[in-house]
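Work through the following exercises with the sequence and the model open side by side. Each task is followed by a solution in steps.

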Amino acid sequence: MVDVATFRANFPEFADSTKYPDPQINFWTGISPVYLNPCVYTDAPTLDFVTQLFIAHNITISRLNQFTAQVGGIPGAVAGPTTSKTVDKVSYTSAAQLVALDNGGSWNLSQYGIQFLQIARMWGAGGRQLMPSGDALRH
């Protein structure tokens, strides 16, 4: 079971309880079972890990929304990652498409979301049986 102390220990970048308050972490912890089926993530360490990635992703987005509101923007407005920006003679370009997952939607808005979605897709793929070439089953 994930609690605030465990989450902060495993993700120390969220140690600042002013920026990332305990009630917010508790909220996302409490709602996580709606999104994370324990029948899929059948072992506790994996369920705890994806729960923490889920929390980290959502509080990262929340923090971005808080910052946007503080500077006069509209919190929750949808914007993709900045890929190119020019100010005077200075230009900045990033290749966001190199790290974004196909059909990742809002999970692509944080590193935690990308990692979460990668794991979710692996767990959802089911088992695989590999055989050497030429050893296909014959009827």
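## An exposed residue and its patch

At 56% relative accessibility, M122 counts as exposed, because the cut-off for exposed is over 50%. The model is a predicted one.

**Exercise 1.** Place M122 in the fold and state which residues form a nonpolar surface patch with M122.

Solution.
- Step 1. Locate the residue: M122 sits in helix α4, which covers residues 111–124.
- Step 2. Identify the patch: M122 is joined by V40 and W123 in a nonpolar patch on the surface.
- Step 3. Give the area: together V40, M122 and W123 have about 290 Å² of accessible area.

## Overall layout

**Exercise 2.** Describe the order of helices and strands in the protein, then its burial and surface.

Solution.
- Step 1. Count the elements: there are 4 helices and 2 strands.
- Step 2. Read them along the sequence: the pattern is α-α-α-β-β-α.
- Step 3. Turn to burial: 28% of the 139 residues count as buried.
- Step 4. Turn to the surface: the accessible surface comes to about 9,700 Å², and carbon and sulfur atoms account for 58% of this surface.
- Step 5. Look at contacts across the sequence: among contacts with a separation of 6 or more, 52% are between residues 24 or more positions apart.

## Two helices and their lengths

**Exercise 3.** Compare the end-to-end reach of α3 with the expected value, and do the same for α2.

Solution.
- Step 1. Take α3, residues 44–70: its 27 residues reach 38 Å from first C-alpha to last, close to the 39 Å expected at 1.5 Å a residue.
- Step 2. Check what follows: just after α3, G72 takes a positive phi of about 90 degrees.
- Step 3. Take α2: its 14 residues reach 20 Å between the first and last C-alpha, close to the expected 20 Å.
- Step 4. Find the buried residues of α2: these are Q24, I25, W28, T29 and S32.
- Step 5. Relate this to helix geometry: an α-helix has 3.6 residues a turn, so residues three or four places apart point the same way.
- Step 6. Name what covers the buried residues of α2: the cover includes α1 and α3.

## The salt bridge

**Exercise 4.** Find which residue forms a salt bridge with R8, and state what the pair connects.

Solution.
- Step 1. Count: the structure holds 1 salt bridge.
- Step 2. Identify the partner: R8 pairs with D22, and their closest N and O atoms are 2.6 Å apart.
- Step 3. Place both ends: R8 lies in helix α1 and D22 in helix α2, so the pair ties together parts that are 14 residues apart in sequence.
- Step 4. Classify each end: R8 counts as buried at 13% relative accessibility, whereas D22 counts as partly exposed at 34%.

## The nonpolar core

**Exercise 5.** Which residues of the largest nonpolar core touch the most other members, and which helix gives the most to this core?

Solution.
- Step 1. Size the core: the largest nonpolar core has 20 residues.
- Step 2. Pick out the members with the most contacts inside the core: these are F7, F11, F14, L36, V50, I55 and I59.
- Step 3. Assign the contributions: α1, α2, α3 and α4 each supply at least two residues.
- Step 4. Name the leading contributor: α3 gives the most, with 7 residues.
- Step 5. Examine V50, which is in helix α3: V50 is buried, with a relative accessible area of 0%.
- Step 6. List the contacts of V50: leaving aside residues up to four places away in sequence, V50 touches L36, Y41, F116 and I119.
- Step 7. Add a distance: V50 and S32, 18 residues apart in sequence, are 9.4 Å apart from C-alpha to C-alpha.

## Two buried polar residues

**Exercise 6.** For T46 and S110, decide whether each is buried or exposed, and list the contacts.

Solution.
- Step 1. Apply the cut-off: buried means under 20% relative accessible area, so T46 counts as buried at 15% and S110 counts as buried at 6%.
- Step 2. Place T46: this residue is in helix α3.
- Step 3. List its contacts: beyond neighbours within four places in sequence, T46 is in contact with Y41 and W123.
- Step 4. Add a distance: the C-alpha atoms of T46 and I119 are separated by 9.3 Å, with their positions 73 residues apart along the chain.
- Step 5. Place S110: this residue is in the loop between β2 (90–93) and α4.
- Step 6. List its contacts: S110 touches H57 and T60, not counting residues up to four places away in sequence.

Definitions and conventions. Residues are numbered from 1 along each chain as its sequence is written. This is a predicted model: local features need pLDDT of at least 70, side-chain atom pairs count only at pLDDT 80 or more; totals for chains, interfaces and linings use all residues. Side-chain values use heavy atoms; hydrogens and water are left out. The expected span of a helix is 1.5 Å times one less than its number of residues. A nonpolar core is a set of buried Ala, Val, Leu, Ile, Met, Phe, Trp, Tyr and Cys residues joined through side-chain atoms within 4.5 Å. Buried means under 20% relative accessible area, exposed over 50%, partly exposed in between (1.4 Å probe, protein chains only). Contact means heavy atoms within 4.5 Å. Patches are made of residues with over 30% relative accessible area and no salt bridge: like charges are joined within 9 Å, nonpolar side chains (Val, Leu, Ile, Met, Phe, Trp, Tyr) within 5 Å. Accessible areas come from the Shrake-Rupley method with a 1.4 Å probe; for residues, only the protein chains shown count as cover. A salt bridge is a side-chain nitrogen of Lys or Arg within 4 Å of a carboxyl oxygen of Asp or Glu.
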